[in-house]
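Biologist: I've got this protein–DNA model open and would like to go through it with you. Can we take it one question at a time?

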Protein chains: 2
Amino acid sequence: MGDGDDRASDLTGQAGAEAATGRPAGAQPPARGAAEVFPGPAIAVSVDVVLLTLRAGQLCVLVTQRASPPFQDDWALPGGLVRVDEDLDASARRQLTEETGVAASGHLEQLRTYGRPDRDPRARVVSVAYLALLPNLPPPPGADRDGPRARWWPVEDLGSADGPTLAFDHPAIVADGMERARSKLEYTPLAAAFCEEPFTLADLRRVYEAAWGAPLDPPNFRRKVLSTTGFVVPVGARAAPRGGGRPAELYRRGSATALHPPLLRRTV
Amino acid sequence: MGDGDDRASDLTGQAGAEAATGRPAGAQPPARGAAEVFPGPAIAVSVDVVLLTLRAGQLCVLVTQRASPPFQDDWALPGGLVRVDEDLDASARRQLTEETGVAASGHLEQLRTYGRPDRDPRARVVSVAYLALLPNLPPPPGADRDGPRARWWPVEDLGSADGPTLAFDHPAIVADGMERARSKLEYTPLAAAFCEEPFTLADLRRVYEAAWGAPLDPPNFRRKVLSTTGFVVPVGARAAPRGGGRPAELYRRGSATALHPPLLRRTV
DNA sequence: ACAAAAGTGTTAATTGTACACCCATGA
DNA sequence: TCATGGGTGTACAATTAACACTTTTGT
């Protein structure tokens, strides 16, 4: 190992803390912050949340408009610095609620951590990205409040000219979040996270169709879903028909966490 | 949002930096470290690497024995602090090489980030875990050197009484790494990362059998693999037979990044 | 010649796909 | 009674799983 360069890089998970601080690592009260133990320039830790929902048959992502440089007027994911005593998951929920007023119920999972040294021009910031999925929310959350402007953008518009310009490395984060969501639809019952309970099988099918951009055969979809135990459970009631058509049966989310066999996309 | 609590938590990805520093965020040279921009207690960022390999038909993980508290004499994953100007991926490769002498070629991917506030008793450390897969390495890397003792442990022994005690939250990290590897075998050609080139289809099959703990039918496995374009490419030679039996054809890794259709485990 | 491992062939069972058809409702 | 969407039935295609059989080597 080393040829004299900083031993502090050896710390987490193994020996070496006492080399960095100059005293035995074990004989001290638990430190409250890393700065007390590891001197030198620090790295900030933040979370960013990719919140996806389904609105009018389109997959949409929540973004807020930046009020100041860098990337002024561009659009950014909700997020912010993690507090010293705060768990990462809790931080993601907090940022979502504080910044957009979205109740942080629903599905939330860690996506990936982004740490390119130049991803934020102001400082070294490592960001833990989260993926959140919610049913359609009646009000565009956080719009016309005095806080940052927040709005939904259809993911379809993200690359196009009339779409938003995303700040930082958020284009890559959103793309990764989309891909995660799309592929998790295949082998988990996650599609139901986009549906408000109770929902119909057509609601559920439209989630897949919006995410994959291809129509699915309703009869076969129905059989697939119902043959997977624990995907959905019937609620014993029917939806009010809207504009003709037989009323559909209603379901709620089941207890399954994985789909066997998976519900595979046709082409790739 | 806020009722007076720290606006600095609002920083990354949106407005608020100037609130934390007291000057415009855009009108300054790029900061070299977050500490200059965001005062207050810092969070340390580290990487930990779950390095898996196949030895004698058993899936093994590389761990080093801790020489000092906390968790003295327990076993820990190779890892350490990320440098201020260092990319996360580069840091993972560096730690692996410095600490265990393992050439960081081969597959390396980000696994997940672990950030429970109490996961390191010394300080708040957020750790970005990586998963590395390598073919069997002739010498137990880093063994009988003056550095930290490093050795392979069969993952089978991890839970048992005669197995190692893992430090910190490393049991969970290793478990997550195993599960990631096991499921990626299904839908990516990652199994070949465990094989030294050139390899036989029997070598490849043994990877699946070790990871999933169940035998696979050799004829059907062969057809599956060969029918997936880009999984493996024939090298045009035969292996030397070992102790009787027809010599097997040799292959090397192909260019495919995904398996369609996937190679699914029988039961779950 | 026999054992062992690689590789080929064949068949039955399972699963996926396409689409015809019936059901229940609003207009 | 027609249009619309929900739900059932069914035949065909594709894939998988199981295993018999042939090939090529070492002993």
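Biologist: Which residue stands opposite Thr53(B) in strand 2 of chain B?

Modeller: Strand 1 of chain B pairs with strand 2 (residues 58–65) of chain B in the antiparallel sense, over four bridges. Pairing here takes at least two bridges found by DSSP, and strands (E, at least two residues) and helices (H or I, at least four) are DSSP runs numbered from the N terminus. Opposite Thr53(B) in strand 2 you'll find Cys60(B).

Biologist: Before we go on, how far do I trust this, and how is it numbered?

Modeller: It's a predicted model, so local features need pLDDT of at least 70 and side-chain atom pairs count only at pLDDT 80 or more, while totals for chains, interfaces and linings use all residues. Residues count from 1 along each chain as its sequence is written, with chains lettered from A and ligands numbered from 1 in the order in which they are written.

Biologist: Which residue takes a positive phi in the hairpin of strand 1 and strand 2 of chain B?

Modeller: That hairpin has two residues between the strands. The one with a positive phi, near 50 degrees, is Ala56(B).

Biologist: How many bridges join strand 1 of chain B to strand 6 of chain B?

Modeller: Strand 1 also has strand 4 (residues 79–81) of chain B as an antiparallel partner, through three bridges, with Val47(B) opposite Gly80(B). With strand 6 (residues 125–133) the sense is parallel, and Ala44(B) has Val125(B) as its bridge partner. The count for strand 1 and strand 6 of chain B is nine bridges.

Biologist: How many residues of strand 1 of chain B are buried?

Modeller: A residue is buried if 20 or more other C-beta atoms, placed from the backbone, lie within 10 Å of its own, exposed if 12 or fewer, and partly exposed in between. Strand 1 (residues 44–55) of chain B is mostly covered. Of its 12 residues, the buried ones number 11.

Biologist: Why is Glu196(A) classed the way it is, buried or exposed?

Modeller: Glu196(A) sits in the loop between helix 4 and helix 5 of chain A. Beyond residues up to four places away in sequence, Glu196(A) touches Pro135(A) and Asn136(A), where contact means C-beta atoms, placed from the backbone, within 7 Å. Because Glu196(A) has 12 other C-beta atoms within 10 Å, the class is exposed.

Biologist: Now the DNA. Which element gives the largest share of the surface near DNA strand C?

Modeller: Near means a C-beta atom, placed from the backbone, within 6 Å. Of the 22 residues around DNA strand C, those that come nearest include Ala202(B), Pro219(B) and Arg246(B). Elements giving two or more residues are helix 6 (218–227) of chain A, plus helix 5 (201–212) and helix 6 (218–227) of chain B. The largest share, three residues, comes from helix 6 of chain B.

Biologist: And which element gives the most to the surface near DNA strand D?

Modeller: 22 residues surround DNA strand D, with Ala202(A), Pro219(A), Arg246(A) and Arg246(B) among the closest. Helix 5 (201–212) and helix 6 of chain A, and helix 6 of chain B, each supply at least two residues. The top contributor, with three residues, is helix 6 of chain A.

Technical notes:
Two residues are in contact if their C-beta atoms, placed from the backbone, lie within 7 Å.
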